[in-house]
Amino acid sequence: MNKVMTGVLFTMVCGLSGCGVSQTGVAVRGVAVAGPGGKVVQSVSQTSRGNGFRQLFNTLDQNRDGALTRQELASMPVGQPVNGYWPNERERELERFFFKADGNRDGLLSFTEWRNGMVEAPVSDSRWLRVFRYLDVNFDDRVDFGEYLNGPWGQPVGGYQPGEKEREARRGFALLDRNRDSLLSYEEFLKALEQSKGQGQAPLSR
């Protein structure tokens, strides 16, 4: 793979939590979640068969109206990756969860919407998915060039020359966008990461 942009994905991924999340919770669309008081809730599969979902929902539903607002969801105790979160990552993941789970777009999560969102969570290759989701700021499961350009990339010593970052980003984006639709799917993203891993180099680095 051609070397474009600095400091990037493979190094960035494995710098995050040792390529994973902590083992102290269940997953909410890939985010580890602890129960009330930080106590570990059951696994998603166990919780879906028992009362764990209802207990956690009732804890979050502070005004007891049977639905969760964004503010109430924000109080959900989320277990941290080993090396901590990126800036705004926790808030972004909770907003992603809310956006995906709120099927009727009324700005509230019923118990059924919240539970269904919880059940859909675990995904293999989550170490790669975590980076992809961080770039996907509008939650459409695609990364466009603007999202890619504004990712948390490193930079050369002394910084970029005027226009250099965008030029390098366009070259890198073009390499990843295999079907030339101006959007990166997770599959395209994953192929590039796996190829770079196999070659023992960080993708998209100068």
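Which residues does Glu89 touch, not counting those up to four places away in sequence? In this predicted model, the residues touched by Glu89 are Arg130 and Tyr134, once neighbours up to four places away are set aside. Glu89 itself lies in helix α5, which spans residues 89-101. Because its relative accessibility is 5%, and buried means under 20%, Glu89 counts as buried.

The nonpolar interior is a natural place to turn next. The largest nonpolar core holds 21 residues, and those that touch the most other members are Val143, Tyr148, Leu184, Tyr186 and Phe189. At least two residues of this core come from each of the helices α7 (126-135), α8 (145-149), α9 (164-176) and α10 (186-199). Helix α7 is the leading contributor, giving six residues to the core.

Val143 offers a closer view of the packing. With neighbours within four places in sequence left aside, Val143 is in contact with Phe132, Leu135 and Asp136, as well as with Tyr148, Phe173, Leu183 and Leu184. A second core, separate from the largest one, comprises 15 residues, among them Leu68, Phe98, Leu109 and Met118.

Helix α3 rounds out the picture. Within this helix, which covers residues 52-60, the buried positions include Gly52, Phe53, Leu56, Phe57 and Leu60. These residues lie on the same side of α3, because they cover an arc of only 125° around the axis.

Definitions and conventions. Residues numbered from 1 in each chain as written. Predicted model: local features only at pLDDT ≥ 70, side-chain atom pairs only at ≥ 80, totals over all residues. Heavy atoms only, no water. Core = buried A, V, L, I, M, F, W, Y, C linked by side-chain atoms within 4.5 Å. Buried < 20%, exposed > 50% of the residue type's maximum accessible area, 1.4 Å probe, protein only. Helix = DSSP H or I, 4+ residues; strand = E, 2+ residues; numbered from the N terminus. Contact = heavy atoms within 4.5 Å. Arc of directions from axis to C-beta.
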